[in-house]
Protein chains: 2
Amino acid sequence: MPEYMDVHRNMTGITAEDLKAAHEADLAIQGEEGVEFKKAWADPESGVIYCLSEAPSAEAVQRIHERAGHRADEVHAVPLSV
Amino acid sequence: MPEYMDVHRNMTGITAEDLKAAHEADLAIQGEEGVEFKKAWADPESGVIYCLSEAPSAEAVQRIHERAGHRADEVHAVPLSV
């Protein structure tokens with residue numbers, strides 16, 4: 001299954017609890033689109049969040065994020081990794 | 001050691017071999033700044049690359065990337081992850 005990296009901006013001040021809650025909201029419904037969110041990293045200072053997933057498409061990733069209440073600003077397939 | 005995510009843009013068309021060579025150029029000198037590059041993901045279509053590292057500072061990450069010939073466009077501390 002292809003991997004995707006998506007980016008959320010303007011999340012300045014996000015806390016560990018906020019990140020955990022947002023991630024769990026994704027996990028709760030991800031199976032409905034065949035998505036598996038694997039990891040998320042956040043920088044509270046610049047307000048940027050990166051989420052790594054495996055998914056059938058970028059649109060599937062975005063649909064889960066939207067339904068969980070946090071639309072991504074960018075979703076990129078990352079077919080290459082090292 | 002803190003984690004960092006850095007981003008390189010305008011790398012449209014990057015190949016698996018390019019990514020591997022760039023990553024190995026970082027690995028060859030990372031110890032000189034106490035940096036450990038852990039993973040990199042690339043999207044040849046949009047030309048964006050994400051690199052995850054552990055490092056003493058964002059500046060240390062950038063110094064390694066610069067010396068390896070590929071300055072990052074952004075380097076963010078990612079103190080939160082889930």
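## Burial and overall form of chain A

A residue is called buried if 20 or more other C-beta atoms lie within 10 Å of its own, and by this criterion 34% of the 82 residues of chain A count as buried. The model described here is a predicted one, and every value below should be read with that in mind.

The secondary structure of chain A comes to 2 helices and 5 strands, and when the chain is read along its sequence these elements follow the pattern β-α-β-β-α-β-β. Chain A has a radius of gyration of 12 Å, close to the 12 Å that the globule rule gives for 82 residues, so it is as compact as a globular protein of that length. Its C-alpha trace spans about 35 × 30 × 20 Å along the principal axes. If one takes the contacts in chain A with a separation of 6 or more, residues 24 or more positions apart account for 67% of them.

## How the strands of chain A are arranged

Strand 1 of chain A can be followed to two partners within its own chain. With strand 3 of chain A it runs antiparallel, joined by 6 bridges, and in this pairing A:Met5 stands opposite A:Leu52. With strand 4 of chain A, residues 74-77, strand 1 also runs antiparallel, here joined by 4 bridges, and A:Val7 stands opposite A:Glu74.

## The contact between the two chains

How many residues does each chain bring to the contact? Chain B supplies 23 residues and chain A supplies 23 residues. On the side of chain B that touches chain A, the elements giving two or more residues are strand 1, helix 1 (16-29), strand 2, strand 3, strand 4 (74-77) and strand 5 (80-81) of chain B. Of these, strand 2 of chain B gives the most, with 5 residues. By character, the residues on this side of chain B divide into 14 nonpolar, 4 polar and 5 charged.

Strand pairing also crosses from one chain to the other, for strand 5 of chain A, residues 80-81, and strand 2 of chain B pair in the antiparallel sense over 2 bridges. Within strand 2 of chain B, the residue that serves as bridge partner of A:Ser81 is B:Trp41.

## A nonpolar core with members from both chains

In soluble globular proteins, nonpolar side chains tend to be buried together. In this model the largest nonpolar core has 36 residues, and those touching the most other members are A:Met5, A:Ala40, A:Tyr50, B:Met5, B:Ala40 and B:Tyr50. At least two residues of this core come from each of strand 1 (3-8), strand 2 (36-43), strand 3 (48-54) and helix 2 (58-67) of chain A, and likewise from each of strand 1 (3-8), strand 2 (36-43), strand 3 (48-54) and helix 2 (58-67) of chain B.

One of these core residues, B:Tyr50, can be examined individually: leaving aside residues up to four places away in sequence, B:Tyr50 touches A:Met5, A:Tyr50, B:Met5, B:Val7, B:Ala40 and B:Trp41.

## A backbone detail in each chain

Most residues other than glycine have a negative phi. A:Asn10, however, has a positive phi of about 60 degrees although it is not a glycine, and A:Asn10 is found in the loop between strand 1 and helix 1 of chain A. Is A:Asn10 buried or exposed? Because A:Asn10 has 10 C-beta neighbours inside 10 Å, it counts as exposed.

In chain B, B:Asn10 has a positive phi near 65 degrees, and its place is in the loop between strand 1 and helix 1 of chain B. With 9 C-beta neighbours inside 10 Å, B:Asn10 counts as exposed.

Methods
Residues are numbered from 1 along each chain as its sequence is written. Chains are lettered from A and ligands numbered from 1 in the order in which they are written. This is a predicted model: local features need pLDDT of at least 70, side-chain atom pairs count only at pLDDT 80 or more; totals for chains, interfaces and linings use all residues. A nonpolar core is a set of buried Ala, Val, Leu, Ile, Met, Phe, Trp, Tyr and Cys residues joined through C-beta atoms within 7 Å. A residue is buried if 20 or more other C-beta atoms lie within 10 Å of its own, exposed if 12 or fewer, and partly exposed in between; C-beta atoms are placed from the backbone. Two residues are in contact if their C-beta atoms, placed from the backbone, lie within 7 Å. Ala, Val, Leu, Ile, Met, Phe, Trp, Tyr, Cys and Pro count as nonpolar, Asp, Glu, Lys and Arg as charged, and the others, Gly among them, as polar. Two strands pair if DSSP finds at least two bridges between them. The radius of gyration is taken over C-alpha atoms; the globule rule is 2.2 Å times the number of residues to the power 0.38.
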